[in-house]
Amino acid sequence: MTARSPGFLLARLFGIEVRLDWSLAIIFALVTMNLGLGVLPSWHPEWGLPGVWFGAVFAASLLFASLLAHELSHALVARTQGVPVTRVTLFLFGGVAHLENEPPSARAEFLIAVVGPITSLVLGFLMTGAGLWLAGPELSSIRDATMEEARVTFSGMGAGVTLLLWLGPLNVMLALFNMVPGFPLDGGRVLRSVLWASTGDLLKATRWASNVGQVVAWSIMAIGVLNLLRGNIGGGVWLLLIGWFVNRAAKASFQQQALKHALEDVPVSRVMVTRLDRIAPTLTIDEFVRDHVMAEDQLVWPVEAEGVLLGMIAFDDLRKVPRESWSSTRVRDVMIPVSQLSTLPPGAGAEKALEELTKREVEQLPVLEGGHLLGLVRRQDLMRWLSLQMGPKPV
Ligand SMILES: [Zn+2]
């Protein structure tokens, strides 16, 4: 029932939560290992083992600081465009700034999307420029140098220059990758905002941007397969993963938009489920499991006394209770109390329900009137409503 914990809270900047997804730990380890085993020992054998690994961890941290700067720029511009942002999550493929609503206009979407790559590009040029400037004229001779001469030149550079010349080009690459027009990457959002401005139709613009995104995704995966065939396993797997991710995100973004469109002006009372098994707070977990959990295919149960909703208990909540205390624990001790649930009034729009479901990362929302539970709006019901609205499937 509770929102899934979206990673680990790192800091709060400008009133925005900065979270790290656990998948980031994998990338952090890969980047650090790549630096510690490959790049730094060849550039700076004189640093020794501790120096190399300290440098690797420090450089990987700076890379994530660059990612963070990129995401924060989205968040801060979103805020100036009237779209609140409460958190930024860094994860496997970069980051997400969680916008509370869709941008209000094509112009706002354009500005919010384009600022991220611009930030990375500016950071990249500044770092590369500073690195080259600090390295001085020695580096310009490197173009014609042999590998061994190049290695000697690099090892002559200070730690600061090494970091700048590693980080700068990576930021430029980050900017370029994000400008790939694969919706919902930044480039895809820029594309959508342009289509939106020229057609005036957000749904159509989203469909086109999503289609382009899927084409881009399949192209990335095809390049990944080519890499695999040529024996570049690491690069190939990486490209396949990115392509798969972009493809999935592109499809999901269009579905989300289509759903929002179909749900406009529909009250939640028309899409909620009302035939629910409701349980008493005094049931023991043993009784609850025997008479309800195993007997029905419901996944959450409203807990009620005298027609008033006290809380909700989900199948997943049962895992918190050790098996041996099932007979002594009551439902009311395990349920999420109504004060901690987000609820909707019956007059709320289904579009609003979808927004809340997405924002809170929950599967259902109770619809309440004067403390009484009227029904539950679940994600799957919204999907069912949508498929009814679409009519027969074209063959
Ligand atoms: Zn971005």
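These are my notebook entries on a predicted model of a protein chain.

**Entry 1: overview**

I began with the whole chain and found 13 helices and nine strands. I then looked up burial, and 34% of the 395 residues count as buried. For contacts with a separation of 6 or more, I noted that 63% join residues 24 or more positions apart.

**Entry 2: the S1 and S2 hairpin**

I went to the N-terminal strands next. Strand S1 covers residues 8-13, and its antiparallel pairing with S2 runs over five bridges. One pair I checked by name was Arg12, whose bridge partner in S2 is Glu17. Two residues sit between the strands of this hairpin, and I found Phe14 there with a positive phi near 50°. Is S2 covered or not? Mostly covered: of the five residues in S2 (16-20), four are buried.

**Entry 3: helix H5**

I checked the length of H5, residues 159-178, against ideal geometry. At 1.5 Å a residue its 20 residues should span 28 Å, and the end C-alpha atoms lie 29 Å apart, so the two agree. I listed its buried residues, among them Leu164, Leu165, Trp166, Leu167 and Gly168. Further along H5, Asn171, Leu174, Ala175 and Asn178 are also buried. Which helices do these buried residues pack against? I found four partners: H1 (23-43), H2 (48-80), H3 (106-135) and H6.

**Entry 4: helix H7**

I repeated the length check on H7, which runs over residues 202-229. The expected span for 28 residues is 40 Å, and the end C-alpha atoms are 40 Å apart, so this helix agrees too. Its buried residues include Leu202, Ala205, Thr206, Ala209 and Ser210. I reminded myself that residues three or four places apart point the same way, because an α-helix has 3.6 residues a turn. Later in H7 I marked Val216, Ala217, Ile220 and Gly224 as buried. I asked what covers the buried residues of H7. The cover includes H6 (186-199) and H8 (233-263). After H7 comes Gly231, and I noted its positive phi, near 95°.

**Entry 5: H8 against H12**

I followed H8 on to its packing with H12, residues 350-360. The axes are 8 Å apart and the angle is about 150°. Angles over 145 degrees count as roughly antiparallel, so that is how H8 stands to H12. On the H8 side I picked out Leu259, Lys260 and Leu263, which meet Ala350, Glu351 and Leu354 of H12. Sorted by type, the residues of this contact come to four nonpolar, two charged and no polar.

**Entry 6: Ile285**

I chose one residue to look at on its own. Ile285 lies in H10, residues 285-293. Buried or exposed? I found Ile285 buried, because 22 other C-beta atoms lie within 10 Å, and the cut-off for burial is 20 or more. I then looked for its contacts, leaving out residues up to four places away in sequence, and found Leu318, Val321, Trp326, Thr329, Val331 and Val334. Leu318 is 33 residues from Ile285 along the chain, yet their C-alpha atoms are separated by 7.9 Å.

**Entry 7: the three-stranded sheet**

I finished with the open sheet, where the strand order is S5-S6-S7 and the pairing is antiparallel. Strands S5 (300-305) and S7 (336-337) are at the edges with a single partner strand each, so one side of each has no neighbour in the sheet.

I took the pairings one at a time. S5 and S6 are antiparallel over six bridges, and Ala305 has Val308 in S6 as its bridge partner. These two strands form a hairpin with two residues between them, and Glu306 in the turn has a positive phi of about 50°. On the other side, S6 (residues 308-314) and S7 are joined by two bridges, again in the antiparallel sense. There I found Met312 opposite Ile336 in S7.

How much of S6 is buried? I counted five of its seven residues, so I wrote S6 down as mostly covered. My last reminder was that side chains in a regular strand alternate between the two faces of the sheet.

Conventions
Residues are numbered from 1 along each chain as its sequence is written. This is a predicted model: local features need pLDDT of at least 70, side-chain atom pairs count only at pLDDT 80 or more; totals for chains, interfaces and linings use all residues. Two strands pair if DSSP finds at least two bridges between them. A residue is buried if 20 or more other C-beta atoms lie within 10 Å of its own, exposed if 12 or fewer, and partly exposed in between; C-beta atoms are placed from the backbone. The expected span of a helix is 1.5 Å times one less than its number of residues. Two residues are in contact if their C-beta atoms, placed from the backbone, lie within 7 Å. Axes are lines fitted to C-alpha atoms, for helices over the stretch in contact, and angles run from 0 to 180 degrees between N-to-C directions. Angles under 35 degrees count as roughly parallel, over 145 as roughly antiparallel, 65 to 115 as roughly perpendicular and the rest as oblique. Ala, Val, Leu, Ile, Met, Phe, Trp, Tyr, Cys and Pro count as nonpolar, Asp, Glu, Lys and Arg as charged, and the others, Gly among them, as polar.
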